[in-house]
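Please open the structure in your viewer and keep the sequence panel beside it, since the stops below are given by selection. Each stop says what to pick next and what is there.

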Amino acid sequence: MVNDFDKEIDAILRKARGGESVILNNSHLDADEISAFAENALPDAARMRFTAHFADCGRCRKIL
């Protein structure tokens, strides 16, 4: 059940970004994305992308 939820969250985030990865278009993460990361509600692949973004983005890291 958790795996299905992870897939659903990942699909929602991809749809909100027009199918592009947040990391690829160099934009900041929005509040919902940061919240999903903090709540450990992201699939592993998305979590790795977000972790890489936080490593490079002081603004998003500060919000987190």
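A crossing of two helices is called left-handed if the near helix is turned anticlockwise from the far one by less than a right angle, and right-handed if it is turned clockwise. Helices (H or I, at least four residues) and strands (E, at least two) are DSSP runs, numbered from the N terminus. What you are viewing is a predicted model, in which local features need pLDDT of at least 70 and side-chain atom pairs count only at pLDDT 80 or more, while totals for chains, interfaces and linings use all residues. Residues are numbered from 1 along each chain as its sequence is written, and side-chain values use heavy atoms, with hydrogens and water left out.

Begin with the whole protein in cartoon style, where the secondary structure comes to four helices and zero strands, in the order α-α-α-α from the N terminus. Switching to a surface, you have about 4,400 Å² exposed, of which carbon and sulfur atoms supply 55%; such accessible areas come from the Shrake-Rupley method with a 1.4 Å probe, and for residues only the protein chains shown count as cover. Of the 64 residues, 31% are buried (buried means under 20% relative accessible area, exposed over 50%, partly exposed in between, with a 1.4 Å probe and protein chains only).

Next, select residues 31-38 and 44-56, which are α2 and α3: these helices pack at an angle of about 110 degrees, with their axes 11 Å apart. That makes α2 roughly perpendicular to α3, given that angles of 65 to 115 degrees count as roughly perpendicular, under 35 as roughly parallel, over 145 as roughly antiparallel and the rest as oblique. The crossing of the pair α2 and α3 is left-handed.

To see what lies between these helices, show the side chains of Glu33, Ile34 and Phe37 in α2, which meet Arg47, Phe50, Thr51 and Phe54 in α3, contact meaning heavy atoms within 4.5 Å.

Now centre on Ile34 in helix α2. Is Ile34 buried or exposed? At 6% relative accessibility, Ile34 counts as buried, and, leaving aside neighbours within four places in sequence, Ile34 is in contact with Leu29, Phe54, Cys60, Ile63 and Leu64. A distance label between the C-alpha atoms of Ile34 and Ile63 should read 7.9 Å, although the two are 29 residues apart along the chain.

Move along to Ala36, also placed in helix α2 and, at 11% relative accessibility, counted as buried. Not counting residues up to four places away in sequence, Ala36 touches Ala41 and Leu42, while from Ala36 to Ile9, 27 residues apart in sequence, the C-alpha separation is 8.4 Å.

Finish at Asn40, in the loop between α2 and α3, where phi is positive, at about 55 degrees, although Asn40 is not a glycine. With 52% relative accessibility, Asn40 counts as exposed.

Technical notes. Axes are lines fitted to C-alpha atoms, for helices over the stretch in contact, and angles run from 0 to 180 degrees between N-to-C directions.
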